[in-house]
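Colleague: Could you walk me through how you read the fold and the domain layout of a model like this one?

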Amino acid sequence: MSYHFGRGWSKLIPYLLLLPGLLFYFLIALGPSIATAFYSFTDATGIKGAPVHWIGFENYREFLFMGRASVDNLEALKRTLIFSVAVTFIQFGLGLFVALIVNQNLKGSNIFRTIYFMPVILGVVIQGLMWSLFLYPLGGPAAKLLSLLGLRSEFLGGPPAQAFAWVIFIQIWANMGITMMIFLAGLQTIPSELYEAARIDGANTWQLFANVTWPLLTPSVNTNLLLNIIGSLQAWQLFLVLVGYRNGTQVLGYLIYATGFGQTSGSVTSSFRQGYAAAASIVLFLLVLVIGMTVQYYLQRREARILG
Amino acid sequence: MTPSTTTSSPSYRLTRIPWGAIGSYLVMIFFALLYLGPLFMLVNTSLKTMPSFMKDATALATELHFQNFIEAWNKANFPKYLLNSVIYTVAATTIYIITAVFVAFPIARGYIKFSGAVLTLFVIALFLPPALIPQFQLLLNLGLYNNPIGYIMLFIVNPIGIVILVNYIKTVPKELDEAAALDGCGYFRFVWMILIPLIRPALATVIVMHAIGIWNEVIAPTIYLTSKEYYPITRGLIVFQGVYGSNWPTLAAAVLLLTLPMLILFLFLQRYIVSGLTAGAVKG
């Protein structure tokens, strides 16, 4: 496109002004992102000036195949997948259900919409502390509810599987609002004439959903599924706030952080195995890539079939 | 049910009982309780004394024990942490948004060569491995570990914001560029004085998304900041939990001190926050 703001050397001004943003991006994001692959083949630590050696695939071999730790790693990998599947499907289903209900424009539905979105802005620390209090085992609200049924639970302090399930629940609670909002945006693009025409043809509520809403919602279905899958595979911050680095609950993201930066957040020590952590990041990255691309492939085929 | 609940839905007859609407309200109220319950528990606990919390955690606060808030404010080192959070958020967001506009504008207009490829370059980072480890090595070797400037540097990049800006700038008619240039307006002045006011909605969305991300960040401060004097409020709260973890009334007051401003901000900026965070969710 033609440039109007002067000629000659002044045509360089856009380049000059673009440069800082581009440089920051290379320095902070793109460069380090690519360098992760490089670090995964080294024995880098978190110590300034310590020598770094090229060790080939040693980190990967250790991560996947060596001793007790690799068994734990594969457990964490499995747990990451369980977490992702549970969060993706439940959050998707609930988000759609709630969006359909709120979208009826009943009086006050805007207020409900706002309430469901609220945790998203509060961030993981507040989300986590709120639920730690709600799940207070010595007579907190959740404990009281359970005791009505004659049950008891330690919640986040209970057996690892239980604590893990609670983190899944809270993760969904915290992010369902985003899924709902994306569905609401999609629902608003469906022309109301279609519903009227279908109703005249005698369609009932279920037929309206199955034949009008669901197919026309395909773009937001795709967006939400991909976002949920990719997001949940990488999410682990709530584990940090709610249960800490506890055996039987770790997911890959947390494992990377713990091996790369030490389990306790403190000063730099020699236990910062950053080459190893970089290799683990690449494993997680490949997992996200393969799952994401496979799902994307099927979603696009489905979209082509439905929307033509 | 009163007719007023059905006025927006013409398919209901006033003589029929709108079971659908009743059911919908029941569902909405159920979920609202699930969302407001923890918040209510937080407020209730923050107003109680420790003995009354120990006696019955869920009983309604009978006295209004505001002492918790004063204690939390003083003991949690709140003023310092809050100030740090504000500095990090404002500084990084300002640097980011200014550089981002000057990246997005020439890309949207094609004023630089290979603008399509440059945009792709920005999007590609979303699909590459996490930058966590090399970023740390970079800051460590630059001597910016445990340093506010290094910490701010982490947050001056955000590719999604660039994409949002590019798409929005494309809706601004390019005849405006020509007209302004004919009147002798320079490139920088055009962007600064004419473009920026025109793309305010997109700017607000991107700023809000970026700022909330920095404000709520919890991992980066545990990695990069070791001195207490540099902690942002998120890290401060976690430290506070470590020390006062069993004293829930004070801890609840501390959490609430941070929650309330966010909620108020949310109510005022809801439109931008929702569009920013649903777009920002792409980040995963």
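Modeller: Let's take chain A, then the domains of chain B, bearing in mind that this is a predicted model.

Colleague: How many helices and strands are there in chain A?

Modeller: Counting elements is a good way in. Chain A has 12 helices and 0 strands, so from the N terminus on the order is simply α-α-α-α-α-α-α-α-α-α-α-α.

Colleague: Why is chain A more spread out than a compact globule?

Modeller: Compare the radius of gyration with the globule rule. For the 308 residues of chain A the rule gives 19 Å, but the radius of gyration is 24 Å, well over that, so the chain is more spread out than a compact globule. Its C-alpha trace spans about 80 × 75 × 35 Å along the principal axes.

Colleague: And what share of chain A is buried?

Modeller: Buried residues are 43% of the 308. As for contacts with a separation of 6 or more, 69% of those in chain A join residues 24 or more positions apart.

Colleague: On to chain B: where do its domains run?

Modeller: The domain assignment puts domain 1 at 18-65 and domain 2 at 72-283. Their C-alpha centres are 33 Å apart, and the contact draws on 8 residues of domain 1 and 7 residues of domain 2.

Colleague: Which elements give two or more residues to the domain 1 side of chain B?

Modeller: Helix H1 (19-46) and helix H2 (50-55) of chain B do, with H1(B) supplying the largest share, 4 residues. By class, that side of domain 1 has 4 nonpolar, 3 polar and 1 charged residues.

Methods:
Residues numbered from 1 in each chain as written. Chains lettered and ligands numbered in written order. Predicted model: local features only at pLDDT ≥ 70, side-chain atom pairs only at ≥ 80, totals over all residues. Domains from an automatic or database assignment. Contact = placed C-beta atoms within 7 Å. Nonpolar A, V, L, I, M, F, W, Y, C, P; charged D, E, K, R; others polar. Rg over C-alpha atoms; globule rule 2.2 N^0.38 Å. Buried ≥ 20, exposed ≤ 12 C-beta atoms within 10 Å, placed from the backbone.
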